[in-house]
Each structure stands twice: as C-alpha cells, then as structure tokens.
Amino acid sequence: MPDGLDLVHLIFYTILSIVPGDGKVIGQHVWGYADLEKRIQMENDTILPICSISKQFVCLTLAKIFEEDSAAAKADAALRDLLPATLADNKDLTVERLAAMQSGIRDYWALSVLWGAQVDQHFTLEKDAPAALQRLGKFHFEPGTSYSYSNVNFYVLGRIAEIITGQPLDDLLAEHVFKPAGMASAELAPNTNERPGPSVGYEGPEQSGFFQALNRIEWAGDAGIVASLNDMIAYEQYLDQQHTGPKSTYRLNAQEPTFIDGAPAFYGWGLAHDETAGHNSVGHGGALRGFRLNRRYIPDARLSVVVMFNHEADAGAAATYLLEKTLLKAEESDSVARGDAWEGAYFDPETQLATTVKHGDGKGELMVDGDKVKCTSPYEAKSRSVTATLSGDVVTIHRPRENQTITAHRIKPSSGVNYEPYVGSYRSDEIDSTFHVAGGPGMLYGSFDGYLGKGPAHLMKEIGEGVWYLSCQRSLDAQPPGNWTVVFEKGGDGAVESVTVGCWLARKVDYVKV
C-alpha cells in the first residue's frame, strides 16, 4: 500500500478486468462500516454519493439528447438565457467549453466563501443556485484558452438538458444511462442531507477520531448522483462495451479534447485523461465532505478500477496503486537532489495569486501549491502535470494540461508591518460581496458578507509586499480553496485604496475600500 493507506483507510474497492463481450471482476473487497455509530457494515449494495463522477453521466445524457438535429441550437440558446450578459455575450463560450472546464467562469463553490456562506449552510437549487449565476462577475480567463475546474459549468449543463427536453434531470439520467447500464439502485439525489441508504461520511483523521460530516448542499449536474458498488461495476462493464464501438456515445465523449489554439487538453465531457501505470487512462474523482471516490478506465488494457471511501483519504492514490500493482508497473527511480533555494512564497501579477513552494518528504521532492513534483536537476522539478523551474528569485510553473504558464517572483518578507492601514471594509459590486478586515498588531482577520449571509472570520497572514494569505480550511463544499491570496493596493499618500482577492478557482475579484 502507498504511504498512509492501510486496511483501516481503504474502505472498499473493486478492480474490473474487462474481456470482449463479458466483463469479469478479478478483484473485489468491501470492508468497514457504513455507519460506525449504528454498527451498520458496508456492503456491495450500500448507496454512497459519487459526487463529481456525476459529471460524466450528465455528459453521456447530453450526448444522447444531441442526437436530435435541433438540440445543439436549443442548447446554445438555453446557455445564453441562463447566464448573465457579461458572460453569455462571449461568442467563444459554448456548451463544449463548459464540458471541457474551459469556460473561464469562476467556480461558485469557491465564491460561496466571498458571498458569506457558513460551513454547514443549506444551499438550495431553487433559490441559491440561480442567484449565484447572476453574481459570477467577469471571466477569470477567456473561454477556450485555459482549464480551470468550475462546478458552474455542469450545473448549467444539467439545466440545459432539462430546458431543451422539458424533462427533469433525474428522469433523463435514468433513461439514457442508469437503465441501459443496468445500474439498478443509482439515482439523482440532489439534497446531500437526505441521501437514501444508511451510509455516513466521516471527517477527521484517525488520530483524533472520526466524526460525521454534515452536508446540506443541493446538487444537480455538477454532482448529486448516488450509487452502490454493484451499480459502479455495472457502469464499468457498460462503458467497456460502449468503448469498443467506433461510433458509441462514450467513445466519442472520451476523445481527447483541445484548447481553442489547438493545443491538447486533458479534460472533456466530464472525463479526465491521464497516464496511469504507463497507460493512457480516462476517469474522474469525486469529493464531498466525508466522501472520496475515484474511477479510472484503461482502454488498451480494458481494465477498470473503482474506489469508494466514506471518509477523506486519497481515493486517487488508492486507484493508482491498485492499477500499478495489477499491471505490474515497475517502481520509478529516485529523483536527483534538489537545490536549497526553492522554498518560499512567489507572486504572479497576471493571476494575482501567490504560490508557495516547500520541500516534500521524499528525496528531491517539492510541493508546489499542493502539487508534488520531483527534481530532475537542482533547479527543475516535474510531475505528469507540472514543470517548475527556478532562476534566481523567479519561478516559472508550466501546467500543460491547463495550457497555463505563470512566472512568479519571490516575495520579500516585510519587517515591522503596520496593520492599521489594512483594517476596514471593501466592496465588490462585480460579485455583490463586502470584505471586512479587522484586528490589530500581530494578527488580522478577514470576513465576507454577501447574499448567502455573514460568513465566519478567517485568519490572515502577511507574506510581504502587500500580499497576504487568508486561510479557509473549511467551507461550504468538500474541498475549500485553502489559502486565498489577498493583494492590497495603496495610493500615493500611502493609504490602502483597494484589494484583489482570489484563489485558483476564482481569480482576480476586485474590491474598493468604502
């Protein structure tokens, strides 16, 4: 098992070996508890939320709907109606760009922090989601030019499917995917607080004890499907049969996408393309507070793996480990020693985001904003998705899968910071949010008011050169933004006049001091 994965953490998994015409399960194990307090054990037919894996189900459904000649035109009209004119008027914003995470639209689960959401707040499809669409503000990059994960894309795609067919999304999913795939117990259950079955999701590390994760979010399109392990086995068998057909819907959806400039992309139609155990793979992960999942299919080996956790261990690492062991992939050689000058915080003026580089646990390993990379020379480090190079006080980070390169300079720490000029309130009319900065010598706190309410206070840490981190470790959704970058701007008289707040999922939100 990889580090941190043992029989306590690996709640259940299955490996599927698919042979032509007949899917065969070659490895399967289920253990642990669906509900620790009630001592209800996990079973093959226990229902769990599959979270963002739902996205590919929506795309399969849309592809079936698009077989009707007039559907594409109706979908484009629905897209323009659902979004505000500031976004909808852009001719490069298309259904295909939404499905490829290339829309450039900020993620509304990240923005919920700036709209004043509390951690356990109820977010409704009827009231809150439509209001969010009208407060997204501008693009944080032009559609088609880059990749950024945004749940808005798939909420909108689900609504488009309903608008052009006149049918609810749950009926469409059942008609076009669940029934054809033989997924007997799968269904759309948008309210995460009212899931069918006994399963409970757990937060917390083993050291401190697990506690039940409360979810009160309503999903549709971006997540919301629930299914059992038996359902997911049936799905994998169905997909393999689909993939062998040259004109099948799944095979068409699984073609590798491109960006607007023709550069290859890694994500399209709810499917992430990656390299696993030396083979091309297609799949997706899923996360909700208390749950982590991953499914992956290797077409040339006709091999699938499904990992479903009702806690927050790394399901992706477990899936990779199982595939590598099944395909007998050799261990990678050690990387070279890293240079000593990497560690620090860097600032990219284009994205207005700070990047932190730290030493990792392994030889030659670095952590670049959570991405693990290994040094190939003292001043270059790589992973499958990131290449970082260091030249003096400048780090260049290339993410080819996102069609993105940033050049960031090392931030010089300040000495003797005067906290008083930063205290006050700041307003963003663009996204309808107010940012409050409070505190005094030694510590600042940031909080946000918006249409979702008055949010909690977050700790702020000064990095240097007017750049701060605002720490958000728990938010409305499963994966909080973590550190928001807060960049204060001063006028000629030295007084703070404005601030830019952003994270990778929601960049460059501008506020003016009031």
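Student: Which residue in strand 20 stands opposite A381?

Tutor: This is a predicted model, in which local features need pLDDT of at least 70, side-chain atom pairs count only at pLDDT 80 or more, and totals for chains, interfaces and linings use all residues. Residues are numbered from 1 along each chain as its sequence is written, and side-chain values use heavy atoms, with hydrogens and water left out. Strand 19 (residues 380-382) and strand 20 (residues 387-391) run antiparallel and are joined by three bridges. The residue in strand 20 that faces A381 is A388.

Student: In what order do the strands of the closed barrel run?

Tutor: Strands (E, at least two residues) and helices (H or I, at least four) are DSSP runs numbered from the N terminus, and two strands pair if DSSP finds at least two bridges between them. The barrel has eight strands with antiparallel pairing. Strands 19 and 20, joined by three bridges, are among them. The order is 15-16-17-18-19-20-21-22.

Student: Which strands are the edge strands of the open sheet 5-9-6?

Tutor: Three strands form this sheet, with antiparallel pairing. Each edge strand pairs on one side only. The edge strands are strand 5 (48-49) and strand 6.

Student: Which residue in strand 9 stands opposite E187?

Tutor: E187 belongs to strand 6 (residues 187-188). Strand 6 pairs with strand 9 (residues 225-227) in the antiparallel sense over two bridges. Opposite E187 in strand 9 is V226.

Student: In which loop is W269, which has a positive phi although it is not a glycine?

Tutor: Most residues other than glycine have a negative phi. W269, by contrast, has a positive phi of about 50°. The location of W269 is the loop between strand 10 (267-268) and strand 11 (271-276).

Student: What is the phi of E465, which is not a glycine?

Tutor: E465 lies in the loop between strand 27 (458-464) and strand 28 (467-472). The phi of E465 is positive, at about 60°.

Student: How many residues apart are the salt-bridge partners E430 and K138?

Tutor: A salt bridge here is a side-chain nitrogen of Lys or Arg within 4 Å of a carboxyl oxygen of Asp or Glu, and the whole structure holds 23 salt bridges. In one of these, the side chains of E430 and K138 meet at 3.3 Å, N to O. E430 is in the loop between strand 23 (424-428) and strand 24 (433-440), while K138 is in the loop between helix 6 (128-133) and helix 7 (151-165). The pair thus links distant parts of the chain, with a separation of 292 residues.
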